Amino acid sequence: MKKIVIHGGGKLRGSINISGSKNASLPILAATLLINEKVILNNVPMVKDILTMVNLLETLGKKILKESHRN
């Protein structure tokens, strides 16, 4: 397990990038069944659970475009 240990009383500065969360993305994907609007999700991790949900949504008639934007 990675951890950050900070010693001292100095103020912290800087920024970090937070990766996408599978557990947050899955219910959002499921909720798209309730609307007929276009939905754009960013920073979704392409793991097996997400790909399975995408396949399920496509089977149910949703059109899904997967784009990879890596910087």
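In this predicted model, K22 and D49 form a salt bridge, with their closest N and O atoms 2.8 Å apart. K22 belongs to helix α1 and D49 to helix α2, so the pair ties together parts that lie 27 residues apart in sequence. Both partners are partly exposed: the relative accessible area is 27% for K22 and 37% for D49. A search of the whole structure turns up one salt bridge, and the pair formed by K22 and D49 is a salt bridge of this kind.

The two helices that carry this pair also meet through buried residues. In α1, the buried positions are S25, L26 and L29. They span an arc of only 105° around the axis, which places them on the same side of α1. A general feature of helices fits this picture: an α-helix has 3.6 residues a turn, so residues three or four places apart point the same way. The buried residues of α1 pack against α2.

What makes up the largest nonpolar core? Six residues do: L26, L29, I50, M53, V54 and L57. The elements that contribute two or more residues to this core are α1 and α2, and α2 gives the most, with four residues. One member, L57, can be followed further through its contacts. Leaving out residues up to four places away in sequence, L57 touches L29, T32, L33, K62 and I64. Of these partners, L29 is itself a member of the core and one of the buried residues of α1.

S25 offers a second view of the same region. This residue sits in helix α1 and is buried, with a relative accessible area of 7%, which is under the 20% cut-off for burial. Beyond its neighbours within four places in sequence, S25 is in contact with V44, P45 and I50. I50 is a core residue, and V44 lies in the loop that runs between α1 (22–31) and α2 (48–59). V44 in turn touches S25 and I50, again setting aside residues up to four places away in sequence. V44, S25 and I50 are thus a handy trio to inspect, with V44 in contact with both of the others and S25 in contact with I50 as well.

The loop residue V44 also leads back to the start of α1. The C-alpha atoms of V44 and S21 are separated by 6.7 Å, although the two residues are 23 places apart along the chain. At the start of α1, a side-chain oxygen of S21 comes to within 3.4 Å of the backbone nitrogen of N23.

How does the protein look as a whole? It has two helices and zero strands. Its radius of gyration is 17 Å, whereas a compact globule of 71 residues would have one near 11 Å. Along the principal axes, the C-alpha atoms fill a box of roughly 55 × 25 × 25 Å. Of the 71 residues, 11% count as buried. Among contacts between residues at least 6 apart in sequence, 50% join residues at least 24 apart.

Key. Residues are numbered from 1 along each chain as its sequence is written. This is a predicted model: local features need pLDDT of at least 70, side-chain atom pairs count only at pLDDT 80 or more; totals for chains, interfaces and linings use all residues. Side-chain values use heavy atoms; hydrogens and water are left out. Contact means heavy atoms within 4.5 Å. Buried means under 20% relative accessible area, exposed over 50%, partly exposed in between (1.4 Å probe, protein chains only). The arc is that of the directions from the helix axis to the C-beta atoms. A polar contact is a pair of N or O atoms within 3.5 Å; within protein, one must be able to donate a hydrogen and the other to accept it, and residues adjacent in sequence count only if both atoms are side-chain atoms. A salt bridge is a side-chain nitrogen of Lys or Arg within 4 Å of a carboxyl oxygen of Asp or Glu. A nonpolar core is a set of buried Ala, Val, Leu, Ile, Met, Phe, Trp, Tyr and Cys residues joined through side-chain atoms within 4.5 Å. The radius of gyration is taken over C-alpha atoms; the globule rule is 2.2 Å times the number of residues to the power 0.38.
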